[in-house]
Amino acid sequence: MRKKVILICSECLSRNYTTTKRVEDSTTRLELNKFCPHCNRYTIHKESK
Ligand SMILES: [Zn+2]
């Protein structure tokens, strides 16, 4: 079973990506370095609720 999560740019708060993760990992928050079209560069993207 996988859960859908939204990745939000930590700088401009744009919702740029959706992904899925295993429910067993839900205690840990994802943080990924992703390209943000709004910032026009790579930024840290954090998991939304
Ligand atoms: Zn951004």
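Helices (H or I, at least four residues) and strands (E, at least two) are DSSP runs, numbered from the N terminus.

**View 1. The whole chain, with zero helices and four strands.** This is a predicted model, where local features need pLDDT of at least 70, side-chain atom pairs count only at pLDDT 80 or more, and totals for chains, interfaces and linings use all residues. Residue numbers start from 1 along each chain as its sequence is written. Going along the sequence, you get β-β-β-β. The C-alpha atoms fit a box of roughly 35 × 15 × 15 Å along the principal axes. Buried residues (20 or more other C-beta atoms within 10 Å of their own, with C-beta atoms placed from the backbone) make up 8% of the 49 in the chain.

**View 2. Leu13 in its loop between β1 (2–9) and β2 (15–22).** Is Leu13 buried or exposed? Leu13 counts as exposed (the cut-off is 12 or fewer neighbours), because 12 C-beta atoms sit inside 10 Å. Thr28 is 15 residues from Leu13 in sequence, and their C-alpha atoms are 20 Å apart in space.

**View 3. The hairpin of β3 and β4, with four residues between the strands.** Strands count as paired if DSSP finds at least two bridges between them. Here β3 (residues 31–36) and β4 (residues 41–47) run antiparallel over six bridges. Look for Lys34, which stands opposite Thr43 in β4. In the turn, Asn40 has a positive phi of about 60°. As a reminder for reading the side chains, they alternate between the two faces of the sheet in a regular strand.
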